[in-house]
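Please look over the two chains shown below before reading on. The briefing that follows takes up their secondary structure, overall dimensions, burial, surface and charge.

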Amino acid sequence: MTGGVIQLDHGTGGGMSQELIAELIAPRLGAVHSGRMEDSAVLELGVSRIAVTTDSFVVDPIFFGNGDIGKLAVCGTVNDLAVSGATPRYLTLSLVLEEGFPIADLERVLDSVREAATAARVEVVAGDTKVVRAGEVDKLFINTAGVGVCEREVELGVEQVVPGDAVIVTGWLGNHSIHILSLREGLGFEERVLSDCAPLDGLVWNVLEEYAPQVHCMRDITRGGLGTVLNELAAGAGVSIQIEERRLPIQHETAMAADMLGVNPLYLANEGNVCLCVAQEAATEILELVRWHPYGRAAQVVGAVRERGGRAWGSSPVTMVRADGVEAAVELLYGAELPRLC
Amino acid sequence: VARCAVLTNDLQYDLVNKNDERRAAVAAFTPQMQRFLAEMRTLGVPVVHLQLINLEDDPHAERYDGWLPATKGSEGARIVAEFLAEGDTVVEKNKDSGFYETELHDRLQELGVDTVIITGMQTQICVQTTAADAFFRGYKVIVPPDAVVSARPEDQARALEWLGSYCATVMPTAELASAIAQDSLPEFSVVPIP
């Protein structure tokens, strides 16, 4: 089954649906697909605690310089599980396809799902395929669920964040957003600034394997960017957080593009970047370990957690010492003007 | 010896006539731009017009009150006659940067160009993105503030500041023509981010 385009009948549950799944989707996913085509997947997990997440992916364009919506779906789901301290194991994959979508493009996306799932050592255990009329979705939307097993006795969470913790960011800030925005408009940055989309389960596993007691909280820095994550952490833990602009890992070209577009890299979405709050005394060693990983080369300690006390009521709990030495608020944004980045 | 080329952006009927604001800004800029282009041609500097052609199936192409300007083959897509001369080259583009999936880089390489003088409309969009793209590709980039135009002066001022900070030498046309004639173009040096 190659060539041609998706038709409404591919989503009716009849013969063409079965053909699409049996002759295209399952073979393309190959070994990472272990679905039994039943109504649900029954899984032996062997642990008392699991992590469950779900996410939807609507990125535009669906193919970008160093990835596509398929890779994004797997990495986004795996990363959400990994930062919870779980080992990602299983995914579901639901495709909502627009009538007329080229089957060759679907094959490319499925190839990416397979490659990303192989890299992250997860299996696709269940799925669904729907087809809607032209114009009712834009090409392809993907929904996933992810299941991870909690094998380690780690206490991770915003309530574990305490004054004195160091704040580490594992990768360049804003690259995914700038890459996608540049591709959409042909801004000229798309070849210099690539998406950071990557599965971070390995990086996180390395850190927890060596330093689990010193890691207090991890957050996937996706929509809303670091600024939003830090505000959520500060609010949830009842602390303040101060970061330093000079320490933020921002690629020169990303700063150029952000300055041109009038957007702040602090609030841009990332797809392979984690914020860690760790015990100060272990920060240097954890940073070194993160940087050892291919997806952590740009990691930096960007700031520290402090006591909330003494701050004026209503003032932002997150601040940044700018390059000129002035301390400025990092406000929580209530909306974003940049849709469909992930 | 610098091998220069002038790139103009979006000097097309549909685009310069988008609204009164833009029409007025282009009318004010036209005489000096014409003089500059004539001078460059006299100096043997090639002039390449980047022609925006909007594609019907591009959801990000800007519509004017529901219609798509500058479509392929349309009158409105043509380069404005005042800026066009025999011997000039027209390169089609479909996005803001003149290099994005176009033959521009190849054409400039064939001409042996190492320095691009980026002009036209609008300073804060196509001039800025084409300049950044040229810089990333290793060209020296010069932007004359009196050979670029924006509907709003504040947009132009902001864009010129950005260009001068990150990737381009911002230099008035009079100084530029003299520097080209004497082969004494200044070097741009990037100020590293602290």
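**Chain B: order of elements**

Read from the N terminus, the elements of chain B follow the order β-α-α-β-β-α-β-β-α-β-β-α-β-α, which comes to 6 helices and 8 strands. The model is a predicted one, and chain A, the other chain described here, has 8 helices and 13 strands.

**Dimensions and compactness**

- Chain A has a radius of gyration of 21 Å, close to the 20 Å that the globule rule gives for 342 residues, and it is therefore as compact as a globular protein of that length.
- The C-alpha trace of chain A extends over about 65 × 50 × 35 Å when taken along its principal axes.
- For chain B, the radius of gyration of 16 Å agrees with the value near 16 Å that a compact globule of 194 residues would have.
- Along the principal axes of chain B, the C-alpha trace spans about 45 × 45 × 30 Å.

**Burial and contacts along the sequence**

- In chain A, 54% of the 342 residues count as buried, while in chain B the share is 53% of the 194 residues.
- When contacts in chain A are restricted to residues at least 6 apart in sequence, 85% of them join residues at least 24 apart.
- In chain B, residues 24 or more positions apart account for 77% of the contacts with a separation of 6 or more.

**Helix α5 of chain A**

- Helix α5 of chain A, which covers residues 201–211, is mostly covered, with 8 of its 11 residues buried.
- The buried residues of this helix are D201(A), G202(A), L203(A) and V204(A), together with N206(A), V207(A), L208(A) and Y211(A).
- These buried residues pack against helices α2 (69–82), α3 (103–120) and α8 (283–292) of chain A, and also against strands β4 (87–98), β8 (215–220) and β10 (274–278) of that chain.

**Surface and charge**

- The accessible surface of chain A amounts to about 14,700 Å², and carbon and sulfur atoms contribute 49% of that area.
- Chain B exposes about 8,700 Å², of which carbon and sulfur atoms supply 50%.
- Chain A carries 25 positive and 47 negative charges, and the mean positions of these two sets are 3 Å apart.
- In chain B there are 16 positive and 29 negative charges, whose mean positions lie 1 Å apart.

Definitions and conventions: Residues are numbered from 1 along each chain as its sequence is written. Chains are lettered from A and ligands numbered from 1 in the order in which they are written. This is a predicted model: local features need pLDDT of at least 70, side-chain atom pairs count only at pLDDT 80 or more; totals for chains, interfaces and linings use all residues. Side-chain values use heavy atoms; hydrogens and water are left out. Helices (H or I, at least four residues) and strands (E, at least two) are DSSP runs, numbered from the N terminus. The radius of gyration is taken over C-alpha atoms; the globule rule is 2.2 Å times the number of residues to the power 0.38. Buried means under 20% relative accessible area, exposed over 50%, partly exposed in between (1.4 Å probe, protein chains only). Contact means heavy atoms within 4.5 Å. Accessible areas come from the Shrake-Rupley method with a 1.4 Å probe; for residues, only the protein chains shown count as cover. Lys and Arg count as positive and Asp and Glu as negative; His and the chain ends are not counted. The place of a charge is taken as NZ of Lys, CZ of Arg, CG of Asp or CD of Glu.
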